[in-house]
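Please look over the sequence and the model shown below before reading on. The report starts from a single residue, then turns to the ligand and the whole protein.

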Amino acid sequence: MSYEFFKISPKYAEEILLELFDIKGIASQLPGEIDLNFRIKIKTEDRYILKISSPDEDLEYLEFQKDLLLFIEKHGKQIIAPKVVKNKFGEFNSIIKDDFGRQRNVRLLTWVSGRIWSTVNPRLDDLHFSLGEHCGILTKLLQSFEHSKASRKFDWDISQSLWTKKYNHLFKWEQVEMISYFQNRFESKLKAYSKLRKGVVHNDVNDNNIIVDAGLISPNVKGIIDYGDAIKTQIINDVAITCTYAIMSHNEPLAIANQIVKGYHSAVVLQEEELEFLYILIGMRLVITVIKSAINKIENPNNVYLLVSEKPAWELLHKWCLIDEEFATLNFRKSCGFFAHPNEYKFKKWAKRSDYNLADLFPSVHKNKIHSLDLSVSSRWIGHREEYNDIDLFQYRMIKLRTQHPEKIIAGGYLEPRSVYHSSSYDKMGNNGKESRTIHLGIDFWLPAQTPVHALFNGEVIMAVNDTGDKEYGGLIVLKHTLKDLVFYTLYGHLSVESALKRKVGEQLKKGEPIAFLGNYPENGNWATHLHFQVMLTMFDFKDDFPGVAYYDQINVWKSVCPDPNLLFKSKALERKSINKDEAIISYRKNHLGKNLRLQYRSPIKIVRGEGQHLLDQNGKHYLDTVNNVAHVGHENYRVVKAGQDQMALLNTNSRYLHENINELAKELLLTLPKELCVLHFVNSGSEANDLAMRMAKATTGNIDIIVSEMGYHGNSNSCVDISSYKFDGNGGFGAPEHTHVFPLPDAFRGKFRGERAGEEYAREVKKQILNIQAKNRDVAAFIIEPIISCGGQIELPEGFLKKSYKYIKEAGGLCISDEVQVGCGRLGKTFWGFQLHNVIPDIVTIGKPLGNGHPLAAVACTREVADKFANGMEYFNTFGGNPVSCAIGVEVLRTIRKEKLQDNALQVGEYLKKELKLLALDYPIIGDIRGQGLFIGIELVNSEMLPLGEKTNYLVDRMKDYGILMSSDGPDNNVLRIKPPMVFTKDNADDLIFYMKKVFSEDFMMTD
Ligand SMILES: Cc1ncc(COP(=O)(O)O)c(C=O)c1O
C-alpha cells in the first residue's frame, strides 16, 4: 500500500477537530511514518496533536497506547507526556471515514511544548545524562504497567530483529559485512539475551520524540512524546535505542553513550548482564534502521521521512564497528558504577596477598629499592621538549641519575600524564576537539641494555613481536597467566628485538625463567634503555600490539583494564602521589593570595606547560592560545629559554657593572626604532615603563597634567592607575584624578564619532582637553595612548587621529608617549611599532610584555632631549632593570623575531584570519566589526541595534575553551573578542579557530536574541 493514499488535508483535519472535539484550531501536518499527525494551534499557541491512523491500524494496539498514556498521566508525576483528550461524546477514540470511504481512528493528544532534541545545539554531557535519566524514569514507571496487548509482532523491536537477515542481499559487500556482524553476534547470544528482564518501554526515543526545556545554557530533557512504538521487550533495548539516535553524528559516539547510560542507570538500575548486550543492541537497532530505509526506498520512494536516519545510521554503523565490543561494555559498566573490568577486584585482592619483589623481575640487578622518576607533563626533571626529545641527552641524564642512586632502580610512570607522545597515531578527534593519548599505563624501569627480565609467574607467551613502527619500540612480549579463577596478562616492552623474537607464541615459561633482555639504546625507544611493564586483565582484540598509553577521558576504564603493576611490588616509592585537586588550589588562593586576583573561566584550568602557540594542562590536554601576546615568539621558545638559563648559570646582577648584555639589548632595540628615539632605560614591567615615562614627561616639561583616552590602561602602579580610565572609571575606581584629562574612546564603530571624519573629531576632543588644562593656568605634560587600544576593545585609532593629536600636543609643549606594551615588537605586521602605522614619532615609547617572552623585562625608549632633561642629577637605580639575564633574554627575543620572520608571519596570518572572520560574519551577523592589524585583532559582537552582546561574548570564550581554544574578551561592554596569540600562530591554527568559532556561533545561546 502506498503512503500517498493516506492523505487527509489540514483543512479536513480542522473540520474533524471541530466536529468531534468542538475545538476550533489551525492544523498543520507533521512528518510521521504511519499515522497522519496534525499540529493544532489555537490562536498562536501549539495545543494539540490530532492523530489519524492508517486504515489498517490495529484497534487493540490503539487501546494499548491510550491506556499507556492514561497510566503515565495518573502515576508519572515526574513525566511530561501527551495526555489523551476525550471527544465530545466522552470517548478517547473516534472513527471517521476518509476520502476513500475507509474507517480511520482519530485521537487527540495534548501538545508537549518545548524544543525538539534535534534542534537543540549544543547537546553536551549534562543533556545526554538528562536524556538517559528521563528515559530511565519512564521505564521505571512502566515496570508496573501491565497490559494484555503489550507484546506484539513488531519490526522495530530489537528482540525480534533477526527478520532483517532476509534483506542482506540489498546491500554491497562491505555493508553486509557490518550488518551481518551484528546479526551474528546477536543470534549467538540469543539464549542469554532472552532471559533478560522485560518491561513496557517507549522503544523509539529518537531525535524527534525528545522534548527539551527552554534553558539555553544547561538545558534538560523535559518530556518524551510519541508512544506509538511502545512494547513489552527487554528493558536494555530501550537504553540501546535511546543511545542509538543520540550518538549519531558525533565524533566519539561511545563517550556520548556513556553519559546516557549513566543517566539511565541513575533512574533504573541497569544490571551487569544487561550491559553485556548493549553494544550489540545498538548495532542491531542500526541494522533495523538501515534495512528499513532500504526497504522503504523500494516501497515508498517519495517519502523522505522514512529515510531521515539512513545516512547518519550508516555513518554510525561504520564508527560503531570500529569500537571494540568488550571495550564498549567496560565503558558501560564503568558508567553504571561497576568495576569497569569484572576481574578488577579479584586481581587486586589476589595481588594484595601476593609477595613479589623487583629482584624477581630483574634477578641480575640485585636491587629492591626504587628511585621514582616523574616524567609527567609538569615534571621539571624532564624539562623542555627540545631536551626530552634528544635521545642522547636523555640517555646521558639517565646514566647520571643512576650514578646518583647506585642502590636503586629508577622507575615510575603508572597513570602518569605525559606530553611526550607526539605522533599523530596518538591523536583522536574527540567530541571536544583534538585529544592526545597521554596516560601511561605501565611502569617504566630504567636499567642498562641487556638486563635480563624474568617471569614473575608461570605464563604462556601469547605475543612476541618486533614492535618497531614509526617509533622505535623494540621487542614486545606478552604473557598470559592463568590462575585458578583469574586470567591476566603481563606486557614487556622495549626489549631487544633479537631476544624477544626468540620467544615463540604458545611457549610456556616458568616463574623465574628469563623472558628476554632489555633492548640496546637507541634500538628500543626514545627514552633511554628501559622496560615498559604493564598488567592487563584483557587483551581485547589486540594480536600484535597493545596500547601502553591511553586518552585521559578514558582513564577510568583503562586503569581498571590495566591495574597498577605496583600492586605486585608494593614499593612505597612507586605509590601514586595524590595530586592537589583544583578546588584545593582555588581555596588556598582565595585564602592566602590577594583577594582581587582573578581566575579565567567558570571552571578554571590548570596550565603546567607551554609549547609554541599551545598551553598544556596537567593531563596533557593542548589548548591553542589566542590570548598570550606575552609569549611573543612562542611559549617556552627554546632559544629564549636557553639564553636565560645559560646567563643565569653565569651571572645575574644589577647594571652598575660593565656588561655586554645590556648594550646588546640596547643595540637590538635601536635597530628597530627611528633614529630620534635613541636612549633606553630598562625596567621590569609595562607599569614600571609607563611610570618612568610619566616621571620623564614631568621632568622634561615641568608640568604634571596628562591627557589620556577613555578606557585606556597603562599599568598597575599608583601613577599608572591614575592615568588608566579603564581602572579609575571601572569597578572600585574613584574617577579621574585632578591632573588626568580623559577624552572619549576614539572608537569609530560604536563611539561618539563614526564615519570618515572620526579621526579629526576625536583629535578635536584631545585639543579640548589641552584647552581645559590651559584654562586652569596649567600646561600639558604628556599625552599617552596605545596605537591600538587593547583593553578598550582592540580599538584601531581612526585615520588621521594620532597625527593631528600629536600636532596639538606638541604645539602645547607636551610630550607624546606611545604605549607599545601590548602591540609592539612586530605584532601589527605592517610595522614593528604601532606608532609607525600613523606616521608619527613619539617622544617616549614604552615597551613591555613581548620583550621578555614571559620574563619580566620592559623598556623605555626616548629622545636624547627627554633623556638629558630627566638626568637632572638624581640617580636612576633599578635593582633588576637591565640585569644580564633579562637582557640576554630580550636579545634572543628580538633576534628570534627577525630570524623567524615573525613580523611577516603576523601580517600574513593576521590578514588571512581577518578575511576568514569576515566570511564568518556573513553567516553570523552578530559579528558586528572585525578590526585590528597583524595578530592583534578584535571581533565585536552586537545585536541589530548595535547594542553590545557581552554575555554572548563570555559564553563564546567559555565554550571555545571546551574545544581546546583559549580566547579572551574586553572592551567597555566586554563584548569584544581579543585575538593576540603568540606570533608563531599559523594559518592552520587560524583555520582551527574559525572552525570552532563557527560551531559555537551556531549554538542556540548565540543564535537567539
Ligand atoms: C597597554 C598596557 N600598558 C601597560 C601595561 C602594564 O604592564 P605590566 O602588567 O607589565 O605592568 C599593560 C598591561 O596589561 C598594558 O596592557
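In which helix does Thr244 lie?

## A residue inside a helix

This is a predicted model, and in it Thr244 belongs to helix H6, which runs over residues 235–246. Is Thr244 buried or exposed? Thr244 counts as buried because its relative accessibility is 0%, and a residue is called buried when that value is under 20%.

The surroundings of Thr244 can be described from two sides. Within the helix, a polar atom of the Thr244 side chain is 2.6 Å from the backbone oxygen of Ala240. Once residues up to four places away in sequence are set aside, Thr244 is in contact with Ile282, Arg285, Leu286 and Leu316.

## The ligand and its shell

Which residues surround the ligand? The shell includes Ser685, Gly686, Ser687 and Asn690, and also Tyr713, His714 and Gly715; the remaining members are Glu786, Asp819, Val821, Gln822 and Lys849. Helix H21, covering residues 686–701, gives the most to this shell, with three residues.

Several polar atoms of the protein can be placed relative to oxygen atoms of the ligand. In the side chain of Ser687, an N or O atom is 2.4 Å from a ligand oxygen, while for Gly686 a polar atom of the backbone is 2.8 Å from an oxygen atom of the ligand. Gln822 has a polar side-chain atom that lies 2.7 Å from a ligand oxygen. The ligand, taken alone, exposes 390 Å², and the protein buries 86% of that area.

## The protein as a whole

The protein contains 31 helices and 41 strands, and its C-alpha trace spans about 105 × 85 × 50 Å along the principal axes. Of its 1009 residues, 57% are buried, a group to which Thr244 also belongs, since its relative accessibility is 0%. Among contacts with a separation of 6 or more, 74% are between residues that stand 24 or more positions apart.

## Surface and charge

The area exposed by the protein is about 43500 Å², and carbon and sulfur atoms supply 51% of it. How many positive and negative side chains does the protein have? There are 125 positive and 127 negative side chains, and the centres of these two sets lie 3 Å apart.

Terms used:
Residues are numbered from 1 along each chain as its sequence is written. This is a predicted model: local features need pLDDT of at least 70, side-chain atom pairs count only at pLDDT 80 or more; totals for chains, interfaces and linings use all residues. Side-chain values use heavy atoms; hydrogens and water are left out. Helices (H or I, at least four residues) and strands (E, at least two) are DSSP runs, numbered from the N terminus. Buried means under 20% relative accessible area, exposed over 50%, partly exposed in between (1.4 Å probe, protein chains only). Contact means heavy atoms within 4.5 Å. Accessible areas come from the Shrake-Rupley method with a 1.4 Å probe; for residues, only the protein chains shown count as cover. Lys and Arg count as positive and Asp and Glu as negative; His and the chain ends are not counted. The place of a charge is taken as NZ of Lys, CZ of Arg, CG of Asp or CD of Glu. A residue is near a molecule or strand if one of its heavy atoms lies within 4 Å of it. A polar contact is a pair of N or O atoms within 3.5 Å; within protein, one must be able to donate a hydrogen and the other to accept it, and residues adjacent in sequence count only if both atoms are side-chain atoms.
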